[in-house]
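Work through the exercises below with the model open. Try each task before reading its solution.

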Amino acid sequence: DNKVATSGAAFLGWNDKDHWLEWKLEVPKDTTAIVVLRYCTQMSQAIRDFQIDGACPAAAFKSIVLPGTGGWANTSNDWAHLTVKDGTGKPVVIKLGKGSHTIRMNNLDGNGCNLDYIVFLPEKP
């Protein structure tokens with residue numbers, strides 16, 4: 001919570017290769033959604049994967065490239081949003097069944113990144 005323009009307590013210093021983060025998610029009803037990450041990094045890029053219940057929900061989640069944002073949000077708002085998209089540039093829609101799920105992200109390249117939040121936006125009809 002000491003970073004500029006953070007939404008609350010962000011995860012900082014996600015710098016080591018193979019360092020993973022994990023969250024529990026309760027889904028109230030079956031839904032389809034797109035995934036948006038709010039992050040910052042002074043590196044040219046950081047690469048992460050994204051798993052739900054031990055598997056990537058689509059090929060695009062196996063290697064998510066987070067482009068550099070220019071800083072770590074120490075003195076300026078360096079946060080950016082990234083929507084996970086397929087090879088054609090369209091947001092990837094995932095299915096989440098009602099109930100408890102485990103979300104895990106792994107640092108694939110060892111480049112540093114701060115993560116403010118993850119949003120599951122309901123798919124627009």
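**Exercise 1. Place Asn106, decide whether it is buried or exposed, and find its side-chain partner.**

Solution. Start with the element: Asn106 is found in strand β7. Strands are DSSP E runs of at least two residues, helices are H or I runs of at least four, and both are numbered from the N terminus. This is a predicted model, so local features need pLDDT of at least 70, side-chain atom pairs count only at pLDDT 80 or more, and totals for chains, interfaces and linings use all residues. Residues are numbered from 1 along each chain as its sequence is written, and side-chain values use heavy atoms, with hydrogens and water left out.

Next, accessibility. Asn106 has a relative accessible area of 12%, so Asn106 is buried. The cut-offs are under 20% for buried and over 50% for exposed, with partly exposed in between (1.4 Å probe, protein chains only).

Now the partner. The side chain of Asn106 makes a polar contact with the side chain of Asp49 at 2.8 Å. A polar contact is a pair of N or O atoms within 3.5 Å; within protein, one must be able to donate a hydrogen and the other to accept it, and residues adjacent in sequence count only if both atoms are side-chain atoms.

Finish with the surroundings. Beyond four places in sequence, Asn106 touches residues including Trp14, Trp20 and Arg48. Contact means heavy atoms within 4.5 Å.

**Exercise 2. Which rings carry the charges of Arg48 and Arg104?**

Solution. Take Arg48: its charged end sits over the ring of Trp14, 4.4 Å from the centre. Then take Arg104, which lies over the face of Trp20 at 3.5 Å from the ring centre. The rule asks for NZ of Lys or CZ of Arg within 6 Å of the ring centre and within 35 degrees of the ring normal.

**Exercise 3. Describe the setting of Thr6.**

Solution. Thr6 is in the segment before β1. Its relative accessibility is 18%, so Thr6 counts as buried. The side chain of Thr6 makes a polar contact with the side chain of Asp116 at 2.9 Å. Beyond four places in sequence, Thr6 touches Asp1, Arg38, Trp79 and Asp116.

**Exercise 4. How is Thr69 held against Asp78?**

Solution. Locate Thr69 in the loop between β4 and β5 (80-83). The side chain of Thr69 reaches the backbone oxygen of Asp78 at 2.9 Å. Other contacts of Thr69 include Tyr39, Cys40 and Ala80.

**Exercise 5. Which residues touch the most other members of the largest nonpolar core?**

Solution. This core has 22 residues, and Leu37, Phe50, Phe61, Ile64, Leu66 and Val84 touch the most other members. A nonpolar core is a set of buried Ala, Val, Leu, Ile, Met, Phe, Trp, Tyr and Cys residues joined through side-chain atoms within 4.5 Å. Among the partners of Leu37 are Phe50, Ile64 and Leu66.

Now check the rings. Phe50 and Phe61 form a tilted aromatic pair, 5.4 Å centre to centre with 45° between the planes. Phe50 lies in strand β3 and Phe61 in the loop between β3 and β4, so the pair ties together parts that are 11 residues apart in sequence. Both are buried. Ring pairs link Phe50, Phe61 and Phe120 into a cluster. Rings of Phe, Tyr and Trp (its six-membered ring) pair if their centres lie within 6.5 Å; planes under 30 degrees apart are stacked, over 60 edge-to-face, the rest tilted.
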